[in-house]
Amino acid sequence: MSDLKIALIGAGYIAKKHLEVIKNIKGMKVIAITSRTKKKAEKLSKEFNIKYIFNDYKKLINTIKPDGIMILVSSEEIFTLTQKIIPFNIPIFIEKPLGLNLKETKKLNRLAIKHRLKSIVGFNRRHYSNFETGLNIIKKKGKLLGITIEGHERFWKIENIISKKNKNSWLYSNSSHVIDLFRYFAGEISSINSYSGSLSKKRLDQFSSIIKFKSGTIGNYIANWYSPSGWSIKLHGEKVLVVFKPLEKGYWVDSNFKKHNIKMSQVDKKYKPGFYNQMQSFKKMLLTKKLHWPSQSIQDTLKTYTIIDQISSLKKND
Ligand SMILES: NC(=O)c1ccc[n+]([C@@H]2O[C@H](COP(=O)([O-])OP(=O)(O)OC[C@H]3O[C@@H](n4cnc5c(N)ncnc54)[C@H](OP(=O)(O)O)[C@@H]3O)[C@@H](O)[C@H]2O)c1
């Protein structure tokens, strides 16, 4: 069987991380690339032996007819470009964020449904090997009783570097990575109660939510963007606790309060964590024409974005 033909749009930091993985996956080959600045595409094509460089995506798609397209452009460009790519009806992998607000994501979802598109959105943390191990430890002992996700951002360090558009959508643009993990660990939500505040007075930058899941799990989301902290997750099981702090480092605590380390797999150490299994999942989707959990389609991502909308919505009396 011949290799799956993959085309890349975007030639920046994340394109390189994906190329490092695809190079080592049998049955997939990146054969074409296009990017806004051609020089960057040329550089990657030399480094990773990519046969064709195109000036624009239309020419690329019509000439190559790829089996899969990867949209790896800057956050601000993802929505506009994805809108144009969906009608070609070629399975796509889209880096997060899938739009910078709920309205954009809904629009992409409607378009994807219309064209019956197969898609994966790049929430690579869903593919972390330590998360899979942690979830199995909880399940082995019983139910997931509670989940606490701290999604603090170091906003004072980045607010003068990122674009205004990105700044005003940071929950979607960046925090979506951790907020999406609620659904990975605990399933779909049944209700949510949120409070938010603002230190900066420019946008909301403090969040606290209590989430009830259909499974019965109760979740907490906390984020303070002007306080030195980071992302972490606590999974409360039956006489067992699993902690990821930072997300790449984990341990579990048994009923006698003894700590045990949770390790990352070799591929998660070799590549950007989650990227190898995520790419295997993209390959599987291209071969079977079906999405495989824990990957998320555009439609699934809309559920995460709906949670973000509820976390960030000010109540009338706030
Ligand atoms: N999953 C993760 O952990 C993770 C980590 C980092 C980034 N990301 C996501 O990956 C995406 C790319 O991030 P990055 O760090 O790689 O950014 P980057 O280094 O700035 O690269 C973006 C690339 O896309 C190109 N581009 C922008 N708009 C385009 C358009 N309309 N058509 C064609 N090419 C276009 C840029 O061209 P120019 O050279 O002309 O700017 C650049 O080559 C972002 O959406 C980001 O959120 C995900």
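User: Before we dig in, what counts as a polar contact here?
Analyst: A polar contact is a pair of N or O atoms within 3.5 Å. Keep in mind that this is a predicted model.

User: Thanks! So how far is the side chain of Ser35 from the ligand?
Analyst: An N or O atom in the Ser35 side chain sits 3.0 Å from a ligand oxygen, so the pair falls within the 3.5 Å cut-off.

User: And what about Lys40?
Analyst: Lys40 places a polar side-chain atom 2.7 Å from an oxygen atom of the ligand. Ser75 contributes through its backbone instead, with an N or O atom 3.4 Å from a ligand oxygen.

User: How much of the ligand does the protein bury?
Analyst: The protein buries 81% of the 920 Å² that the ligand exposes when taken alone.

User: Which residues come nearest to it?
Analyst: There are 24 residues around the ligand, and the nearest are Ile14, Arg36, Thr37, Lys40 and Lys96.

User: Switching topic: how many residues are in the largest nonpolar core?
Analyst: That core has 71 residues, with Phe185 and Ile233 making the most contacts inside it. Helix α9 (residues 170-186) supplies the largest share, 10 residues.

User: Which domains does this core draw on?
Analyst: At least three residues come from each of domain 1 (4-125) and domain 2 (126-271 + 298-312).

User: Back to Phe185, what does it touch?
Analyst: Leaving out residues up to four places away in sequence, Phe185 touches Phe131, Leu135, Leu144, Ile147, Ile233, Leu235 and Phe244.

User: What's in the second core?
Analyst: The second core is separate and has 28 residues, among them Leu19, Val21, Ile22 and Ile50.

Note on methods: Residues numbered from 1 in each chain as written. Predicted model: local features only at pLDDT ≥ 70, side-chain atom pairs only at ≥ 80, totals over all residues. Heavy atoms only, no water. Core = buried A, V, L, I, M, F, W, Y, C linked by side-chain atoms within 4.5 Å. Buried < 20%, exposed > 50% of the residue type's maximum accessible area, 1.4 Å probe, protein only. Helix = DSSP H or I, 4+ residues; strand = E, 2+ residues; numbered from the N terminus. Domains from an automatic or database assignment. Contact = heavy atoms within 4.5 Å. Near = heavy atom within 4 Å. Polar contact = N/O pair within 3.5 Å; in protein donor to acceptor, adjacent residues only side chain to side chain. Areas by Shrake-Rupley, 256 points an atom, 1.4 Å probe, with all protein chains shown as cover.
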